[in-house]
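Q: I'd like to learn how to read pockets, cavities and a ligand site in a model. Could you walk me through them with an example?

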Amino acid sequence: MNKFFPISQPTITELEIKYVNDAITSGWVSSLGYYIEELEKEFAKFCGVKYTVLTNNGTTGLHLALEALGIKKDDEIIIPDLTFIATANAVSYIGAKPIMVDIDANTLCIDASKIEAAITNKTRAIIPVHLYGHPANMDEINTIAKKNNLFVIEDAAEAHGAKYKDKIVGGLSDCGVFSFYGNKIITTGEGGAITTNNVEIYEKAKFLRDHAMSKTKRYWHTEVGYNYRMTNLQAALGLAQLNRIDEIIDSRVSIFNWYKKYIKTNESVRLNYTAPWAKSVNWLVCLEVDNLNFELRETLMKNLKEQGIDSRPYFYPVSAMPMYNRKFQNDVSYNKSIIGINIPTFFGLQEQDIQTISEIINNEIINL
Ligand SMILES: Cc1ncc(COP(=O)(O)O)c(C=O)c1O
């Protein structure tokens, strides 16, 4: 049996262990403590924004961001059809409606040229998703938002450190939302963050994160808030990860370059595209094979697994899910979702590993 290559795994070093040890021995195990404050400060600096609000995961971060912007029941929020379900679910928690717009066939992010057709007098915001680590086309999205008086929330859950035209994501709109789940670029186990330059969004998100408790009168609550707080233990892990983020991203860039070297691509077998204006952080390397259908892809993934290579299918379109089926005509999303898989991408994979993985993938694609 070959060595097994998971799709992703976290990188934990002595530094992470040291910080978590320090947090636990300090006794500050809940949501107050040095590491919470430090990670909020340092993550804001990293994203080039004034403020960060840490949350207990990315989904609650999205929910809190929508609440902080004043999104209400029956408002319409534009999202890409191809994304992780959390983008849509956070909108639904408010009673607002996610409106799915098709994706761009190259970047796999929302197709900005199709946004205006989806805007109605109920539309309040756009949530572009920086999918698989590649930034969405933010200038075009921001221009449309400005013209139509809409908020923009970047779903940057998969894209810590990615750049749009040399500007880091998370600070390119009203606010950004990140996930620190175990398979993300950096992790806190479970966790999330809202990044913003807007003091009102910051204050409101912080207030709602802690049950909307009055700042001046403890245990007095003026509205229904949430407990969406991260713990100091998680933040300790996150700070160590953030200290190492440059080497983590560099490793992912090398991995993508090695895949480009060893995977045999042609017109119908492609690795993910990177726009000339983008720096992708390659959260997960994407492989598309044009003649795949559901059954063939299941066979491909099963055959790879038998040879020690984990993979996962692209997300399904949100509008295809039973609770969101509103018959959107998003052909690119539907087509892409069935022909793509993600292949092992995590810190520490070496060139020899990628060569081994690629040879097995090349062989399976020829035999499809
Ligand atoms: C695009 C996207 N949005 C939101 C989330 C939600 O993050 P979390 O899993 O931390 O709740 C994720 C992550 O899993 C994601 O990939």
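A: Happily, and let's begin with open space. Rolling a probe the size of a water molecule over the atoms shows where empty space is left. In this predicted model, the largest pocket has a volume of about 540 Å³.

Q: Which residues lie nearest the centre of the largest pocket, and how many line it?

A: The lining is made up of 18 residues, and those nearest the centre of the largest pocket are Leu-32, Lys-206, Phe-207, Arg-209 and Asp-210.

Q: Which helix gives the most to the lining of the largest pocket?

A: Helix 6 does, with five residues. At least two lining residues come from each of helix 2 (34-47) and helix 6 (199-209).

Q: How do the residues of that lining divide by class?

A: The lining of the largest pocket has eight charged residues, seven nonpolar ones and three polar ones.

Q: Now for the ligand. Where does the ligand sit?

A: The ligand is found in the second largest pocket, whose volume is about 330 Å³. This pocket is lined by 22 residues, with Phe-84, Ala-86, Ala-157, Ser-179 and Lys-184 closest to its centre.

Q: Which elements each supply at least two residues of the lining of the second largest pocket?

A: Helix 3, helix 4 and strand 8 (175-179) do. Helix 3 gives the most to this lining, with three residues. By class, the lining of the second largest pocket has nine nonpolar, eight polar and five charged residues.

Q: From the pocket to the ligand itself: how many residues surround the ligand, and which are the closest?

A: There are 15 residues around the ligand, and Gly-58, Thr-59, Asp-155, Glu-158 and Ser-179 are the closest. By class, this shell holds seven polar, five nonpolar and three charged residues. Helix 3 provides the largest share of the shell, three residues.

Q: What should I look for in the contacts of the ligand?

A: Look for pairs of N or O atoms within 3.5 Å, the cut-off for a polar contact. A polar side-chain atom of Thr-59 is 2.5 Å from an oxygen atom of the ligand. From Gly-58, a polar backbone atom lies 2.8 Å from a ligand oxygen. The side chain of Lys-184 has an N or O atom 2.9 Å from an oxygen atom of the ligand.

Q: How much of the accessible area of the ligand does the protein cover?

A: On its own the ligand has 380 Å² of accessible area, and the protein covers 92% of it. The elements giving two or more residues to the shell around the ligand are helix 3 (58-68) and helix 4 (86-93).

Q: And closed spaces: how many cavities of 30 Å³ or more does a search of the whole structure find?

A: The search finds one. The largest cavity has a volume of about 70 Å³.

Q: Which residues lie nearest the centre of the largest cavity?

A: They are Gln-9, Pro-10, Lys-184, Ile-185 and Arg-252, out of 15 lining residues. By class, the lining of the largest cavity has seven polar, six nonpolar and two charged residues. You have met Lys-184 before: its side chain has an N or O atom 2.9 Å from an oxygen atom of the ligand.

Notes: Residues numbered from 1 in each chain as written. Predicted model: local features only at pLDDT ≥ 70, side-chain atom pairs only at ≥ 80, totals over all residues. Heavy atoms only, no water. Near = heavy atom within 4 Å. Polar contact = N/O pair within 3.5 Å; in protein donor to acceptor, adjacent residues only side chain to side chain. Areas by Shrake-Rupley, 256 points an atom, 1.4 Å probe, with all protein chains shown as cover. 1 Å grid on protein atoms, 1.4 Å probe; cavity = no way out; pocket = protein on both sides within 12 Å on 5 of 7 lines; lining within 4 Å. Sits in = over half its atoms within 2 Å of the grid points. Helix = DSSP H or I, 4+ residues; strand = E, 2+ residues; numbered from the N terminus. Nonpolar A, V, L, I, M, F, W, Y, C, P; charged D, E, K, R; others polar. Points joined across faces, edges and corners; volume = space filled by probe spheres on them.
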